[in-house]
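Colleague: I'd like to take a close look at a single part of this protein. Could you walk me through it, and then show me how the rest fits around it?

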Amino acid sequence: MRFVIITGLSGAGKTQALKAMEDMGFFCIDNFPPALLPKLADLFYHSKNVDKVALGMDLRGGQFFEDIYSSLEFLKKNNYDYEIVFLEASDEVLIKRFKETRRKHPLSEEGRIVDGINEERKRLAEIRKIANSIIDTSNLTSSQLKEELSNIFLKGKKFKGIIIDIMSFGYKYGIPLDADLVFDVRFLPNPFYIEELRPLTGNDDKVKEYVMKWDEAKEFLKKLGDMIKFLIPYYIREGKSQLVIAIGCTGGKHRSVTIANALFEFLKKEDYSVILHHRDIGEE
């Protein structure tokens with residue numbers, strides 16, 4: 001029996017997560033009252049018809065959400081295994097999502113959206129602490145969120161506690177505001193000055209071969225990979241659920257794309273949850 005509770009911040013993607021779980025064969029119920037959790041667990045754990053259940057629970061249930069802790073205690077006492085997936089996102093992203101959909105935050109009443117978000121973070125702090133997986137959806141598309149859930153619940157990959165977002169960018173277009181770590185690769189020889197390489201990008205083999213043929217590129221990539229591997233456990237220890245690594249060159253088309261791609265492949269082989277995007281690759 002796979003019994004999963006999907007919870008987290010309003011606007012963080014719980015509805016999309018439940019749709020993804022449904023596509024994976026889970027019996028899904030959204031906005032489920034936590035007080036009914038013991039009865040539902042009794043029903044499904046003694047049923048031969050359902051072996052995968054996902055329940056969406058959040059503060060839309062008002063004071064009923066407080067029942068979740070006593071209900072979880074009931075599950076423990078009766079040896080009902082369960083997993084908690086907690087979804088969150090940055091304040092900036094959540095505010096943008098609420099404004100785009102013109103939805104009202106459930107805790108903002110007539111006040112500011114950010115006040116509702118801050119209050120919700122406080123109320124959900126305890127459930128976040130006991131979550132099995134914390135997924136930051138700030139930079140995830142719906143398909144990427146589905147892939148992360150699929151890795152956990154279909155492919156059986158253990159969630160390591162953090163999603164690594166690797167982004168290439170061009171300094172001429174500005175440093176990404178949400179970057180946690182920024183690395184400048186403008187010290188590498190620039191393919192832009194090779195006429196046949198100029199119209200290509202770091203996604204093309206010819207550019208990749210040119211950038212990576214230099215000893216300094218190989219050494220930099222090795223040291224970068226080692227440093228990221230060293231840092232990740234400490235970011236996780238501090239409660240960080242998403243790490244944004246930005247790799248920049250002048251235009252964000254050649255060197256940064258090549259190095260970002262290489263770092264992405266390196267971390268994937270280390271079995272981390274990694275996403276990749278090239279912010280400025282189409283600007284020139």
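What covers the buried residues of helix 8?

Modeller: Sure, and keep in mind that this is a predicted model. The cover over the buried residues of helix 8 includes helix 9 (215-237) and helix 10 (255-269). Helix 8 itself runs over residues 205-212, and its buried residues are Val207, Tyr210, Val211 and Met212. A residue counts as buried when its relative accessible area is under 20%.

Let's zoom out for a moment. The protein has 284 residues, and 48% of them count as buried. Its secondary structure comes to 10 helices and nine strands, and the C-alpha trace spans about 70 × 45 × 30 Å along its principal axes. If you take the contacts with a separation of 6 or more, 77% of them involve residues 24 or more positions apart. As for confidence, pLDDT averages 91 over the protein, and 98% of the residues score at least 70. Among the elements, strand 7 (residues 181-184) has the highest mean pLDDT, at 98, while helix 4 (residues 91-101) has the lowest, at 89.

Now for how helices meet elsewhere in the chain. Two packed helices are described by the angle between their axes and the distance between the axes. Take helix 1 (residues 14-23) and helix 7 (residues 142-153): their axes come within 9 Å and cross at roughly 50°. That angle is why helix 1 counts as oblique to helix 7. The crossing of these two is right-handed. On the helix 1 side, the contact is made by Gln16, Ala17, Ala20, Met21 and Asp23, and on the helix 7 side by Ser142, Leu145, Lys146, Leu149 and Phe153. Sort the residues of that contact by type and you get six nonpolar, two polar and two charged.

Compare that with helix 2 (residues 37-45) and helix 3 (residues 68-77), whose axes come within 9 Å and cross at roughly 30°. Angles under 35 degrees count as roughly parallel, so helix 2 and helix 3 are roughly parallel to each other. Here Leu37, Pro38, Ala41 and Asp42 of helix 2 meet Ser71, Leu72, Phe74 and Leu75 of helix 3. This contact divides into six nonpolar residues, one polar and one charged.

Strands have their buried residues too. Asp136 sits in strand 5 (residues 133-136) and is buried, with a relative accessible area of 11%. Leaving aside residues up to four places away in sequence, Asp136 touches Glu88, Ala89, Ser90, Ile163, Ser241 and Gln242. Asp136 and Phe86 are 50 residues apart in sequence, yet their C-alpha atoms are 8.6 Å apart in space.

Last stop: the loops. Most residues other than glycine have a negative phi. Asn79, in the loop between helix 3 and strand 4 (83-88), has a positive phi near 60° without being a glycine. Asn79 counts as exposed because its relative accessibility is 67%. Asp271 also has a positive phi, of about 70°, although it is not a glycine. You'll find Asp271 in the loop between helix 10 and strand 9 (273-278), where it is partly exposed, with a relative accessible area of 39%. That brings us back to helix 10, which is part of the cover over the buried residues of helix 8.

Notes
Residues numbered from 1 in each chain as written. Predicted model: local features only at pLDDT ≥ 70, side-chain atom pairs only at ≥ 80, totals over all residues. Heavy atoms only, no water. Axes fitted to C-alpha atoms, helices over the stretch in contact; angles between N-to-C directions. Helix = DSSP H or I, 4+ residues; strand = E, 2+ residues; numbered from the N terminus. Parallel < 35°, antiparallel > 145°, perpendicular 65-115°, else oblique. Left-handed = near helix turned anticlockwise from the far one by under 90°. Contact = heavy atoms within 4.5 Å. Nonpolar A, V, L, I, M, F, W, Y, C, P; charged D, E, K, R; others polar. pLDDT = per-residue confidence, 0-100. Buried < 20%, exposed > 50% of the residue type's maximum accessible area, 1.4 Å probe, protein only.
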